[in-house]
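Please open the structure in your viewer and follow the stops below in order, selecting the residues as they are named.

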Number of protein chains: 2
Amino acid sequence: MKIIVDVMSGDNAPLEILRGVEMASELEGLELIITGSEETIRETAEAHGISINKDNISVVGAESVITMEDAPLSVVREKSNSSMAVGLKLLAEGAGDAMVSAGNTGALHAGSTLIVRRIKGVKKSAIATILPYKNPTLLMDSGANIEIAPDVYVQFAQMASLYMERIMGVESPRVGLLNIGAEPTKGTKNVVEAYNLLKETPDINFIGNIEGKELPGGGCDVCVTDGFTGNIVLKLTEGCGSFIMSKIKEIYKKNAVTKMSALMVKNGIKKLKNDFDASEYGGAPLLGLSKPVIKAHGSSDGLAIYNAVRQAMRCVDSNMVYEIAMKLVPNIMEQQNRD
Amino acid sequence: MKIIVDVMSGDNAPLEILRGVEMASELEGLELIITGSEETIRETAEAHGISINKDNISVVGAESVITMEDAPLSVVREKSNSSMAVGLKLLAEGAGDAMVSAGNTGALHAGSTLIVRRIKGVKKSAIATILPYKNPTLLMDSGANIEIAPDVYVQFAQMASLYMERIMGVESPRVGLLNIGAEPTKGTKNVVEAYNLLKETPDINFIGNIEGKELPGGGCDVCVTDGFTGNIVLKLTEGCGSFIMSKIKEIYKKNAVTKMSALMVKNGIKKLKNDFDASEYGGAPLLGLSKPVIKAHGSSDGLAIYNAVRQAMRCVDSNMVYEIAMKLVPNIMEQQNRD
């Protein structure tokens, strides 16, 4: 299996990405194709004693890097020679089986859609982020598609359900439609129509509307929503996490007794803070594409990249793209099988 | 000044509402008109030693109560004789200067719009909830209007700014437009248009788009958004608060040392939990109406009701309705003054 890794993108690139690649290179049967400036990669690896001169790591040169400030479409325009664009082109051409990048989410989604392309019959691809709630909750869409038609909610529910089942091992994942009340008549016109379509969709475990209040407590396994609302949910979760943590810090700083108390629970609180700082765990799969693409968190360290590579491997192993195509567009698959 | 209080609505009604009324009756120059079943009110007051037989408290009978399950329009239909509907009618007729209710938010908004009515020229009235973020943040709309036109965002920004300035004492409140990025081109078509209108609106301190991540940390004083997104923000904030608190509880319960540690910060943590349990503080004003209506939190106790009454008094004292009318529809006011 061949996994492409964009080693130049992300807050800690290329150092931490290379560390993750080095760890992943120990995995059996795996080949890694890394994209980026060959010089920078070599220098960084040498300076930090990272061994990338291995049989199962190959470097493909790329002249530029997409930053967080670049527009999504820069990946196919002025930065079509970037580490991200080069990686996506390799993926589209079949040089690799899946790709991992910790770079600009908008650019990765735009580039994936335009270069790797969607599964035929899938109306929209989207970013499916796993939120660190009581149970891991897949939020789809978390920012790619601002407004979506009612039937797109259904495809999101189907794709996200398959992902949670096959990759995260959640049996019969509970699908909730993000809304402002439990009743089927609540919400925008599109959301009401989506409710009616979801209710009639076989092979998903639709539990109805889910409200913002129920999400963190584990009210569903898959939360379907448009990219506007989803992005606000994603970022507000992160914002609430760091705000509450700062309030807790204030409580502890009050006096000598509270300061002593802080020492006793330090590790637990630190872990909780980390969970919410990232606002998500694991990489975020881009679902609906003809090849698996994993968006690792921007602040990923080596271990996070290693885990994202393993996540990409599971997507390939489980034949997720084929499964999604079979579920969403069985007629097209039947036709292709006949051809 | 006369404040109407619906004493039958709310999780702790009528007992806690009556307690709040009793406290408020000590305020100088205030008359209270309470609506509800005269028998229940008398019995509850007697059973708990609450003195409501005072010169400045009058009871107006109402046969029914709107529950949380009732549809918003029940207030003008099958439950037009409810404590909420009777109160709103008294307010519309001029028997009182403002009203407080801890009941069903949807019904209170629908009833206010249909019975008390909007200020002439105000396109939509809305629920403005104060969120317990780093600084009190007025979220408008927090659930009344699912979808709104771009010019409605502007009126929301103007009304909410006036409220924060006059009632909450925030000088030149920073107005943020809830969005998924800082750039003016981000968001839905309506949000992009709203951005352009807000930018050109005089007399408000528009600071541009605000993302979910920035809200809890105090990124703005007024957050304008549609009622769908706003309601999800409101409820997700509450959900994140109680989820993180439950995680902290787990950390403390781990062993004897952590349990001891918990004792040292008990009060601070409890206060933080209470702040987030309510998910808001103070009552939520319904802005845009021709008379002030304050929605007290459903779980209000006596003190919360007392505070909501004082909040209603401040709205009357500051002539908020007139100020809103002058700012939003100056031509109409000029015309009325000429008549």
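Begin by selecting strand E7 of chain B, residues 174–178, in this predicted model; the strand is mostly covered, with 4 of its 5 residues buried. Adding strand E8 of chain B to the selection shows a parallel pairing, in which E7(B) and E8(B) are held over 5 bridges, and within that pairing B:Val175 has B:Phe206 as its bridge partner. If you then colour helix H6 of chain B, residues 189–199, you will have the three parts of a right-handed β-α-β unit, namely E7(B), H6(B) and E8(B). E7(B) also runs parallel to E9(B), to which it is joined by 3 bridges, and here B:Leu177 is the residue that stands opposite B:Val224.

From there, move to the loop between strand E8 (205–210) and strand E9 (222–224) of chain B, and select B:Gly219. Is this glycine buried, partly exposed or exposed? With a relative accessibility of 22%, B:Gly219 counts as partly exposed, because the buried class is kept for values under 20%. Show B:Arg174 as well, and you will find that the C-alpha atoms of B:Gly219 and B:Arg174 are separated by 8.3 Å although the two residues are 45 apart along the chain. Apart from residues up to four places away in sequence, B:Gly219 touches B:Arg174, B:Ile207, B:Ile210 and B:Glu214.

Next, select strand E2 of chain B, residues 31–36, where 5 of the 6 residues are buried, so that the strand is largely enclosed by the rest of the structure. Strand E1 of chain B, residues 2–6, pairs with E2(B) in the parallel sense over 5 bridges, and B:Lys2 can be found opposite B:Glu31. To follow the connection, trace the chain from E1(B) through helix H1, residues 15–24, to E2(B), a β-α-β crossover that is right-handed. E2(B) is likewise joined by 5 bridges to strand E3 of chain B, residues 57–61, and these two strands run parallel, with B:Ile34 standing opposite B:Val59. Helix H2 of chain B, residues 38–47, belongs with E2(B) and E3(B) to another β-α-β unit, which is right-handed.

Now go to B:Asn104, in the loop between strand E4 (98–101) and helix H4 (105–116) of chain B. This asparagine is buried, with a relative accessible area of 7%, and its side chain is worth displaying together with the backbone around it. What lies 3.0 Å from a polar atom of the side chain of B:Asn104? It is the backbone oxygen of B:Asp70, while the backbone nitrogen of B:Gly106 lies 3.1 Å from a polar atom of that side chain. Leaving aside neighbours within four places in sequence, the residues in contact with B:Asn104 are B:Ile66, B:Thr67, B:Met68, B:Asp70 and B:Met84.

Another buried loop residue is B:Ser300, with a relative accessible area of 4%, placed between strand E11 (293–295) and helix H9 of chain B. Its side chain reaches the backbone oxygen of B:His297 at 2.5 Å, and, when neighbours within four places in sequence are left aside, B:Ser300 is in contact with B:Asn12, B:Glu16 and B:Ile305.

Continue into helix H9 of chain B itself, residues 302–317, whose 16 residues should span 22 Å at 1.5 Å a residue, which agrees with the 22 Å between its end C-alpha atoms. Its buried residues include B:Ile305, B:Tyr306, B:Val309 and B:Met313. Just after this helix, B:Asn319 takes a positive phi of about 60 degrees.

Finally, turn to helix H9 of chain A, residues 302–317, and select A:Arg310, which is partly exposed at a relative accessible area of 36%. The C-alpha atoms of A:Arg310 and A:Ile3 are separated by 9.4 Å, with their positions 307 residues apart along the chain. A:Ile3 leads into the largest nonpolar core, where, of 159 residues, A:Ile3, A:Val5, A:Val309, B:Ile3, B:Val5 and B:Val309 touch the most other members. To end the tour, display A:Val309 with the residues it touches beyond four places in sequence: A:Ile3, A:Val5, A:Ala24, A:Leu30, A:Leu32 and A:Val100.

Terms used:
Residues are numbered from 1 along each chain as its sequence is written. Chains are lettered from A and ligands numbered from 1 in the order in which they are written. This is a predicted model: local features need pLDDT of at least 70, side-chain atom pairs count only at pLDDT 80 or more; totals for chains, interfaces and linings use all residues. Side-chain values use heavy atoms; hydrogens and water are left out. Buried means under 20% relative accessible area, exposed over 50%, partly exposed in between (1.4 Å probe, protein chains only). Two strands pair if DSSP finds at least two bridges between them. A crossover is right-handed if, with the strands pointing away from the viewer, the path from the first strand over the helix to the second runs clockwise. The expected span of a helix is 1.5 Å times one less than its number of residues. A nonpolar core is a set of buried Ala, Val, Leu, Ile, Met, Phe, Trp, Tyr and Cys residues joined through side-chain atoms within 4.5 Å. Contact means heavy atoms within 4.5 Å. A polar contact is a pair of N or O atoms within 3.5 Å; within protein, one must be able to donate a hydrogen and the other to accept it, and residues adjacent in sequence count only if both atoms are side-chain atoms.
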